[in-house]
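Colleague: Please give me a close look at one part of this model, the loop with the unusual peptide bond. I should then like to follow the chain outward from there to other parts, with a reason given wherever a residue is called buried.

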Amino acid sequence: MQTNSARLPARRSGVTVAPDAREAARLVATRIVAFMKEKPDAVLGLATGATMEPVYAELVAAYRAGNVSFASASTFNLDEYVGLASEHPAAYRSTMNRLLFDHVDIDKTRTHVPDGHASDPSAAAARYEAAIAATGPIDLQLLGIGRNGHIGFNEPGSPLDSRTRVVELHSSTLDANRAFFPDGRMPHFAITMGIATILQARRILLLATGPAKRDAVVRAHAGGFDIDCPASALSDHANVEWIVDAEAAAGLSG
Ligand code: F6R
C-alpha cells in the first residue's frame, strides 16, 4: 500500500525511487534475498563498482542473520579488466571475493568472473559466453550504470547484438575508476558481457545512485535504443526494474 511517508520508495512503471542511496541498496538486496528464497539454485549475474558495495554488505548481513543462503547458487560477473592478475586488489575477481564470496556460503567453483589475465583475452571472452550459455540463462542480473550510460563495460557505440568480448574503455570510465589504481597503471581494456548477453537474463535489476548518474538515467529512459546510451537497451527487456535514489531520479518526469 502506498503511503505519504517520504521514507517509503515510490514506484513508477519499471522505476522504483528510494529516498537515498542506502535505501536503494537495501531494496536491491531485499529483492535478491527474496529471489534466492524462491530459487535457491539461481544463476545470478553480478556487477562491481562503488554503487554495489552497500548491496553486498547487505547480502553478507542477511547471510549472517540466517536470512539467505547462496550454497546452491552460481554467479557470473559482468566484466573484468584485461591484464590484471586476479589477486590484484582492483581486479573484479578479488573485489568480489573481498565484498561477498569470502563471507557467504557460496561454492567458489560456481562463481565466474571473466579471465582478464588470459594469454588470449578474446578466446577467454568466447569461453565466458559459452559458459553462460551452458549454465544459464541468468535468472537475475544485477546492473550498475556508468556516467556515460554504459552497462557492464558496454561503452557508447556498443551494438544491441554484442556478446562477451574485449572492449576498450572510454576516457570517462577510466577517469571514474582511476582512484583504484594508485600506481597509475590502469588497464585500458576489459572483457565484458555484451548487451545481447545481458538482455538474455530473465530478470534485471539496475541500481543507480547519486547525481553523477542523473543524465545517464534520463537518457536511458528517452524511449527506444540509443547506441550512445547502452543502458537504453533495457527498454527492450520485459522484466527490468530500475532502483534509483532521489538524486539519480531527479531528471525523470512524472
Ligand atoms: C562493473 C560494471 C559497471 C559499473 C558502472 C558504475 O562491473 O558493470 O557498469 O556498474 O561503471 O560504477 P560505479 O558504481 O562505480 O559508479
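Modeller: Pro137 belongs to the loop that runs between helix α4, residues 121-135, and strand β7. Please keep in mind throughout that this is a predicted model. What deserves attention in this loop is the peptide bond from Gly136 to Pro137, which is cis, with an omega angle near 10 degrees.

Beyond this loop comes strand β7, which covers residues 140-143. Gln141 is part of strand β7. Is Gln141 buried or exposed? Its relative accessibility is 0%, and a residue is called buried when the value is under 20%, so Gln141 counts as buried. The side chain of Gln141 also makes a link to another part of the chain, for it reaches the backbone oxygen of Gly45 at 3.5 Å.

On the other side of strand β7, the chain enters the loop that leads to strand β8, residues 165-168, and Ser162 is located in this loop. Ser162 counts as buried because its relative accessibility is 4%. Its side chain reaches the backbone nitrogen of Ile195 at 3.0 Å. Two side chains have thus been followed to backbone atoms: that of Gln141 to an oxygen, and that of Ser162 to a nitrogen.

The contact of Ser162 directs us to helix α6, which spans residues 195-199 and contains Ala196. With a relative accessibility of 13%, Ala196 is likewise classed as buried. Ala196 and Ser72 are 124 residues apart along the chain, and their C-alpha atoms are separated by 26 Å.

Ala24 offers a further pair to examine. This residue lies in helix α1, residues 21-38, and it counts as buried because its relative accessibility is 0%. Its partner here is Thr209, 185 residues away in sequence, yet the two C-alpha atoms are 7.6 Å apart in space.

Two more residues can be read in the same manner. Ser94 is placed in helix α3, residues 92-99, and its relative accessibility of 12% is the reason why it counts as buried. From Ser94 to Val113, 19 residues along the chain, the C-alpha separation is 9.8 Å. Lys108 follows in the loop between helix α3 and strand β6, the latter being residues 111-112. Lys108 is described as partly exposed because its relative accessible area is 35%, a value that falls between the limits of 20% and 50%. The C-alpha atoms of Lys108 and Leu143 are separated by 21 Å, with their positions 35 residues apart along the chain.

Finally, let us turn to the ligand. It occupies the largest pocket and is surrounded by 13 residues, the closest being Thr48, Thr51, Asp79, His150 and Lys213. This shell is made up of four nonpolar, seven polar and two charged residues. How do the side chains meet the ligand? An N or O atom in the side chain of Thr51 is 2.4 Å from an oxygen atom of the ligand. For the side chain of Asp79 the corresponding distance to a ligand oxygen is 2.6 Å, and for that of Thr48 it is 2.7 Å. Taken alone, the ligand would expose 410 Å², of which the protein buries 90%.

Technical notes. Residues numbered from 1 in each chain as written. Predicted model: local features only at pLDDT ≥ 70, side-chain atom pairs only at ≥ 80, totals over all residues. Heavy atoms only, no water. Near = heavy atom within 4 Å. Polar contact = N/O pair within 3.5 Å; in protein donor to acceptor, adjacent residues only side chain to side chain. Areas by Shrake-Rupley, 256 points an atom, 1.4 Å probe, with all protein chains shown as cover. 1 Å grid on protein atoms, 1.4 Å probe; cavity = no way out; pocket = protein on both sides within 12 Å on 5 of 7 lines; lining within 4 Å. Sits in = over half its atoms within 2 Å of the grid points. Nonpolar A, V, L, I, M, F, W, Y, C, P; charged D, E, K, R; others polar. Helix = DSSP H or I, 4+ residues; strand = E, 2+ residues; numbered from the N terminus. Buried < 20%, exposed > 50% of the residue type's maximum accessible area, 1.4 Å probe, protein only.
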